[in-house]
Amino acid sequence: MSAQTYLAYDYPLLSVFWSMLLFFLWILWFVLLFRIVVDIFRDDEMSGWAKAGWLAFTVLLPFLGVFVYVVARGKNMGRREVAQARAQQEAFDAHIREAAGGTGRPSSIDELAKLSEIRARGDITDEEFRRAKELVLTGHGPAEHTGSTARTPRR
C-alpha cells in the first residue's frame, strides 16, 4: 500500500531536458513525414505508380521510407517548393492585375472620355479641358499633372 508518488521536484533537471528533447524530435519527425507526403503529391514529374510506391514505403516503413526518400529525392524538394511558391505568387499577381482592371493605367481614350464627361457636367471650363486634353494626347496624362486640371467641382 505504499505506492510511491513522484512530485515535480523529484524529477531531475537533466531528465526534463531529455524529455523535452525527445518530445521536440517526435514533433520534428511528424513535420518531416508530412512534408515528404506533400512533396510526393506535389511532384508532377513522378508517375502515379511511383507516387503510390513512395507513399506506401513511407507509411508502412516510416523511418526507413523517410530516410531513403530524403537521400534519393531530397535535393529537389526545395526546388519543387520554390517553384510552387513562385507559381502561386504569379497566379495571385495575375488575379490582382485582372481585378484592378488590366494594365493599371487607363488608356488615353478612357481619359478623354472622362474629361468630356467632367466638362459636360460643368466641373471644368473649356480652357481647362483643352489643357488636360493636350496633356493626355502628349502622353503626360492628367494623373501626372494634377495641378493643371484639379479643381473643386462647382455646385
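Q: What span should the 30 residues of helix α1 have at 1.5 Å a residue, and how far apart are its end C-alpha atoms?
A: Keep in mind that this is a predicted model. The expected span is found by taking 1.5 Å times one less than the number of residues. For α1, with its 30 residues, that gives 44 Å, and the end C-alpha atoms lie 43 Å apart, which agrees.

Q: Which residues of α1 are buried?
A: To read burial, look for a relative accessible area under 20%. In α1, the residues Trp29, Leu33, Ile36, Asp39 and Ile40 are buried.

Q: What do the buried residues of α1 pack against?
A: Their packing partners are α2, α3 (62-73) and α4.

Q: Now to charged side chains. How many salt bridges are there?
A: Here is the general idea: side chains of opposite charge can pair when their charged atoms come close. The rule used here asks for a side-chain nitrogen of Lys or Arg within 4 Å of a carboxyl oxygen of Asp or Glu. Counted this way, there are nine salt bridges.

Q: Could we look at one of them? How far apart are the closest N and O atoms of Glu81 and Arg35?
A: In this salt bridge, they are 2.5 Å apart. Glu81 belongs to helix α4 (residues 77-100) and Arg35 to helix α1 (residues 13-42), so the pair ties together parts that are 46 residues apart in sequence.

Q: Are Glu81 and Arg35 buried or exposed?
A: The label in between is the one to use here. Glu81 has 33% relative accessibility and counts as partly exposed. Arg35 is partly exposed too, with a relative accessible area of 42%.

Q: Which side chain meets that of Arg80 in a salt bridge?
A: That of Asp43, at 3.8 Å from N to O. This pair links distant parts of the chain: Arg80 sits in helix α4 and Asp43 in the loop between α1 and α2 (48-60), 37 residues apart. Arg80 is buried, at 14% relative accessible area, and Asp43 is buried as well, at 3%.

Q: What about Arg121: which residue forms a salt bridge with it, and how far apart are the closest N and O atoms?
A: The partner is Asp123, and the closest N and O atoms are 3.0 Å apart. Try reading the accessibility of each side: Arg121 is exposed, with a relative accessible area of 53%, whereas Asp123 is buried, at 14%.

Q: Which residues are joined into one network by salt bridges that share partners?
A: Asp39, Asp43, Arg73 and Arg80 are joined in this way. You have met two of them already: Arg80 and Asp43, whose side chains meet in a salt bridge.

Definitions and conventions
Residues numbered from 1 in each chain as written. Predicted model: local features only at pLDDT ≥ 70, side-chain atom pairs only at ≥ 80, totals over all residues. Heavy atoms only, no water. Helix = DSSP H or I, 4+ residues; strand = E, 2+ residues; numbered from the N terminus. Buried < 20%, exposed > 50% of the residue type's maximum accessible area, 1.4 Å probe, protein only. Contact = heavy atoms within 4.5 Å.
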